[in-house]
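Student: Please take a close look at a single part of this model. I should then like to see how that part relates to the rest of the chain.

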Amino acid sequence: MRILLVEDEPSGARFIAKGLREAKHAVDVATDGIAASRLCQENDYDAVILDVMLPGKDGLTVCRDLRAAGSDVPVLMLTARDAVEARVQGLDAGADDYLTKPFDFRELLARVRALTRRDRRPLAPERIEVGPWRSTWPLRRSGPTAARSN
Ligand code: CA
């Protein structure tokens, strides 16, 4: 999957990006909110991991702008404080889930997996190609429901 990581803290960004790449994800990193918004316009990400406290434009505003522009990309918000208020603000801004720092990296991976399983796009037939298969299947939440015939 292609993931945008938005984190201004260099060591945190390096750590998360390295782990995501080890999990076979393609990762772009933005270190401020303005770059994050621009990258989201230019690229089609499968998920965005978004820190709240960012220079230029905070994560809540980045998320609100994404939703206002009609994007339904899954957003995992990283909140620094374990405060109800911070989590409520993130969800209200259009985030799908949140994780409080410091977190266990395995939990971040699990939450990204859960977010990207939820296909919230319209269930329209879509042409997909997977290995030897080339067909038009209705895509469901769990992905193509094709039985392999052999
Ligand atoms: Ca930050």
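**A cis proline and its surroundings**

Tutor: Pro102 is placed in the loop between strand 5 (97-100) and helix 5; helices (H or I, at least four residues) and strands (E, at least two) are DSSP runs, numbered from the N terminus. The model is a predicted one, in which local features need pLDDT of at least 70, side-chain atom pairs count only at pLDDT 80 or more, and totals for chains, interfaces and linings use all residues. Residues are numbered from 1 along each chain as its sequence is written.

The peptide bond between Lys101 and Pro102 is cis, with omega at about -5°. Another backbone feature is found at Lys24, which is not a glycine and yet has a positive phi of about 70°. Most residues other than glycine have a negative phi, and most peptide bonds are trans. Lys24 belongs to the loop between helix 1 and strand 2. It counts as exposed because it has 7 C-beta neighbours inside 10 Å; the classes are buried for 20 or more other C-beta atoms within 10 Å, exposed for 12 or fewer, and partly exposed in between, with C-beta atoms placed from the backbone.

Helix 5 (105-117) follows the loop of Pro102, and Leu115 lies in this helix. Leu115 is buried, since 20 other C-beta atoms lie within 10 Å. Beyond four places in sequence, Leu115 touches Ala47, Pro74, Leu76, Asp96 and Asp97, where contact requires C-beta atoms, placed from the backbone, to lie within 7 Å. Although Leu115 and Pro74 are 41 residues apart along the chain, their C-alpha atoms are separated by 6.1 Å.

On the other side of the loop, strand 5 ends at residue 100. Thr100 and Ala83 are 17 residues apart in sequence and 8.8 Å apart in space, C-alpha to C-alpha. Ala83 is part of the loop between strand 4 and helix 4 (84-92), and it is exposed because only 11 other C-beta atoms are found within 10 Å. Within helix 4 lies Gly90, which counts as buried because it has 24 C-beta neighbours inside 10 Å. Apart from neighbours within four places in sequence, Gly90 is in contact with Val52, Leu60, Met77, Thr79, Ala95 and Tyr98. Its C-alpha atom is 8.3 Å from that of Gly59, at a sequence separation of 31 residues.

Gly59 leads to a helix pair. Helix 2 (residues 33-42) and helix 3 (residues 59-68) pack at an angle of about 20°, with their axes 9 Å apart; axes are lines fitted to C-alpha atoms, for helices over the stretch in contact, and angles run from 0 to 180 degrees between N-to-C directions. Helix 2 is therefore roughly parallel to helix 3, the term covering angles under 35 degrees. Gly33, Ala36, Ser37 and Cys40 of helix 2 make the contact with Gly59, Thr61, Val62, Asp65 and Leu66 of helix 3. By class, this contact has 4 nonpolar, 4 polar and 1 charged residues; Ala, Val, Leu, Ile, Met, Phe, Trp, Tyr, Cys and Pro count as nonpolar, Asp, Glu, Lys and Arg as charged, and the others, Gly among them, as polar. The buried residues of helix 2 are Gly33, Ala35, Ala36, Ser37 and Cys40, and their cover includes strand 1, strand 2, strand 3 and helix 3.

Helix 5 also contributes to the largest nonpolar core, a nonpolar core being a set of buried Ala, Val, Leu, Ile, Met, Phe, Trp, Tyr and Cys residues joined through C-beta atoms within 7 Å. This core has 31 residues, of which Val6, Val48, Ile49 and Leu50 touch the most other members. At least two residues each come from strand 1 (2-6), helix 1 (10-22), strand 2 (26-30), helix 2, strand 3 (47-51), helix 3, strand 4 (75-79) and helix 5. Leu50 touches Val6, Gly59, Val62, Cys63, Val75, Leu76, Met77 and Leu78, not counting residues up to four places away in sequence.

For the chain overall, the protein has 5 helices and 8 strands, in the order β-α-β-α-β-α-β-α-β-α-β-β-β along the sequence. Buried residues make up 27% of its 150 residues. Of the contacts with a separation of 6 or more, 51% join residues 24 or more positions apart.

Technical notes
Angles under 35 degrees count as roughly parallel, over 145 as roughly antiparallel, 65 to 115 as roughly perpendicular and the rest as oblique. Two residues are in contact if their C-beta atoms, placed from the backbone, lie within 7 Å.
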